[in-house]
Amino acid sequence: MKVLIADAFPKSRLADLEALGLAVEHRPDLPAAELADAARDAAVLVVRSKQVPAAVFERARALSLVVRAGAGVNTIDVAAASRRGVYVSNCPGQNAVAVAELTLGLLLALDRRIPDNVAALREGRWDKKGFSAARGLFGRTLGIAGLGTIGREVAARARGFGMRVVAWSRSLDDARAKALGVERAPDLVSLARGCDALSIHLALKPETRGAISREVLEALPAGALLVNTARAEVVDQAALLERVRAGRLRVGADVHAGEPEGGKAEFRSELATLPGAYGTHHIGASTEQAQEAIAAETVRIVASFVRTGAVPNCVNVAKRTPARARLVVRHYDKVGVLANVLGEIRNAGINAQQIENTVFDEAVAASCVIALDEAPDEALLERIRARADEVVSAECFLV
Ligand SMILES: NC(=O)c1ccc[n+]([C@@H]2O[C@H](COP(=O)([O-])OP(=O)(O)OC[C@H]3O[C@@H](n4cnc5c(N)ncnc54)[C@H](O)[C@@H]3O)[C@@H](O)[C@H]2O)c1
Ligand SMILES: O=C(O)CC[C@@H](O)C(=O)O
């Protein structure tokens, strides 16, 4: 079985994959345009920042699993993977501490203008007077948009700096906010209105694209700091540029509109050239600790898949199917029993969408839960129950 790793990956972990008996092809510099061809005979594809478009799923017919060696899966056409029945998996939480550390670094850098301090001294300029105009973070309010794994790590560190932390997250309620030691804002505009600094940790989804809208940016008080280590597309970039140019906002951005996929390239970010903005090179996850944790998790996912067929952290198995009914059949654990039950369902023109069979102690009897796209009528249930030497009971529940 071939594994193609199309981005940088630690050598020691390549050996772990080979030890699983896999043929490992490591091509960190593979051009994006060649990915579909290179993946053609691969069963597993591992990527970091490389985009995986629909063309890869159309061409790479042997592909079973794509592992995103990171958190965000917006770089993968997950819908195209789902249509081909290809699993997509990621490594949630493994780089959260690294991103939180960079977030705090950017906040401190913005407040003290550390990069400009450094640059001035390199140019032979002493400007203690000019660089003394910092507000300080202690006692200030940090707003967090998206209290997922990274948002929570940022909250913990900000509290360590004596900041008041207020958060908005789609499922955050008062009890959970209290348990996490943060206050809850009812929406993003209210969050922005009440904070001195705003840090963005929303995953990029169709619903979050542009969530940090012009209205949210305009709600931030004059002189506020904004840090984005999530994805550029979550923020209205045109409005952001206007606010920074007008001197209303100061920004630390690790992620950039149209940023290159690879490690080195010509790239000009309009935002990052402005005096009120500090840009970093999408390095949030780039610490040794985080990359080691990500690689170890990637190996765990691939090992589980090749040894057992189970895919940890799978992001594209339907949480809700169009199933309209659940048929629960308790039956004797004998050859052909389930085939006969499924045959009855097929003969009635009903589609079985999900099947889960559980065996009771001593493996004499078992229970099978079958999600159906249509409820069986009483006559079908009776035909199944009539197989008395195979079936103990058959009950239907509408969902
Ligand atoms: N700069 C970097 O190097 C770097 C590294 C890791 C992650 N990231 C980015 O940070 C993001 C957050 O990472 P995480 O590990 O905290 O992920 P997470 O899954 O733990 O948190 C994601 C957050 O997005 C919110 N969210 C998801 N879908 C939403 C929707 N439809 N509507 C509203 N909110 C929604 C969740 O509620 C949660 O608060 C990633 O998706 C990725 O884009 C960047
Ligand atoms: O691999 C990287 O350097 C970036 C990863 C980051 O954007 C993520 O979503 O995990």
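A polar contact is taken here as a pair of N or O atoms within 3.5 Å. The model is predicted, and the results below concern the surroundings of its two ligands, ligand 2 and then ligand 1.

Ligand 2 is surrounded by Arg48, Ser49, Arg68, Gly70, Ala71, Gly72, Asn95, Arg231 and His282. By class, this shell comprises three charged, five polar and one nonpolar residue. From the backbone, an N or O atom of Ala71 lies 2.6 Å from an oxygen atom of ligand 2. Side chains also take part: a polar side-chain atom of His282 is found 2.7 Å from an oxygen atom of the ligand, and a polar side-chain atom of Arg231 is 2.8 Å from an oxygen atom of ligand 2. Taken alone, ligand 2 exposes 300 Å², of which the protein buries 92%.

Around ligand 1 there are 24 residues, and those that come nearest are Thr149, Ile150, Ala203, Thr229 and Asp254. The shell of ligand 1 divides into 11 polar, eight nonpolar and five charged residues. Backbone atoms approach oxygen atoms of this ligand at several residues, including Gly148, where a backbone N or O atom lies 3.2 Å from an oxygen atom of ligand 1. For Leu147, a polar backbone atom is 3.3 Å from an oxygen atom of ligand 1, and for Gly284 the distance from a backbone N or O atom to an oxygen atom of ligand 1 is 3.4 Å. Ligand 1 taken alone exposes 860 Å², and 86% of that is buried by the protein.

Terms used:
Residues are numbered from 1 along each chain as its sequence is written. Chains are lettered from A and ligands numbered from 1 in the order in which they are written. This is a predicted model: local features need pLDDT of at least 70, side-chain atom pairs count only at pLDDT 80 or more; totals for chains, interfaces and linings use all residues. Side-chain values use heavy atoms; hydrogens and water are left out. A residue is near a molecule or strand if one of its heavy atoms lies within 4 Å of it. A polar contact is a pair of N or O atoms within 3.5 Å; within protein, one must be able to donate a hydrogen and the other to accept it, and residues adjacent in sequence count only if both atoms are side-chain atoms. Accessible areas come from the Shrake-Rupley method with a 1.4 Å probe; for residues, only the protein chains shown count as cover. Ala, Val, Leu, Ile, Met, Phe, Trp, Tyr, Cys and Pro count as nonpolar, Asp, Glu, Lys and Arg as charged, and the others, Gly among them, as polar.
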